[in-house]
Amino acid sequence: MNDNTGAPLCGVTHTDSQHEDEVRARLPSEDAAVDAAAVFALLADTTRVRLLSMLAASDLCVCEMADLLGMSQPAISHHLRVLRQFDAIRFRKWGQRTVYYISDNETGETIKRLLNVAGCGRKQDDDEERK
């Protein structure tokens, strides 16, 4: 094993310290990196991705989501609680029903874009029909 502590891995002396300082200035703090990793972990669960995909298409109550995914209502509620903690989704009361929807904030909009990029969001044909 080579012990190249202090030496660049690529074997080239890095002389552009201004460039390195610019990159270093853009690095998130450890706390910010932990927060970002938590958001990515939130989206790493297939059930939560499916729930967000459904909510991107329509506002739904827990019983509808449980039926669509073939899961128990307590299991769905657990996932919804996690999504609410990150302010990815919100809910409103409609009579005795609680209806969930994707938040109308930066987090919600980012999730919608990520779902579209991943092919899990609304289809382009759906967008044309809604116009």
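Begin with the aromatic rings of this predicted model: a search of the whole structure finds one aromatic pair. Select Phe91 and Tyr100 to display the two partners. Their ring centres lie 5.8 Å from each other, and the planes meet at 50 degrees, an arrangement classed as tilted. Colouring by accessibility separates the two residues: Phe91 is partly exposed, because its relative accessibility is 39%, whereas Tyr100, at 9%, is buried.

Next, select helix 3, residues 46-57. Place a distance marker between its end C-alpha atoms, which are 17 Å apart. The twelve residues should span 16 Å at 1.5 Å a residue, so the expected and modelled lengths agree.

Now show the side chain of Asp45, which caps the N-terminal end of helix 3. One of the side-chain oxygens of Asp45 is 2.9 Å from the backbone nitrogen of Thr47.

Remain on helix 3 and display its buried residues: Thr47, Arg48, Leu51, Leu52, Ser53, Met54, Leu55 and Ala56.

Then add helix 5, residues 73-85, to the selection. Which angle do helix 3 and helix 5 make where they pack? The angle is about 80 degrees, and the axes are 10 Å apart. Angles of 65 to 115 degrees count as roughly perpendicular, and the two helices are therefore described in that way.

Finally, select the residues that make this contact. Helix 3 contributes Thr47, Arg48, Leu51 and Leu52, each of which is also buried. On the side of helix 5, select Ile76, His79, Leu80, Val82 and Leu83. Thr47 thus appears at two stops of the tour: its backbone nitrogen faces the Asp45 cap, and Thr47 takes part in the contact with helix 5.

Technical notes
Residues numbered from 1 in each chain as written. Predicted model: local features only at pLDDT ≥ 70, side-chain atom pairs only at ≥ 80, totals over all residues. Heavy atoms only, no water. Phe/Tyr/Trp six-rings, centres within 6.5 Å; stacked < 30°, edge-to-face > 60°. Buried < 20%, exposed > 50% of the residue type's maximum accessible area, 1.4 Å probe, protein only. Helix = DSSP H or I, 4+ residues; strand = E, 2+ residues; numbered from the N terminus. Expected span 1.5 Å × (residues − 1). Polar contact = N/O pair within 3.5 Å; in protein donor to acceptor, adjacent residues only side chain to side chain. Axes fitted to C-alpha atoms, helices over the stretch in contact; angles between N-to-C directions. Parallel < 35°, antiparallel > 145°, perpendicular 65-115°, else oblique. Contact = heavy atoms within 4.5 Å.
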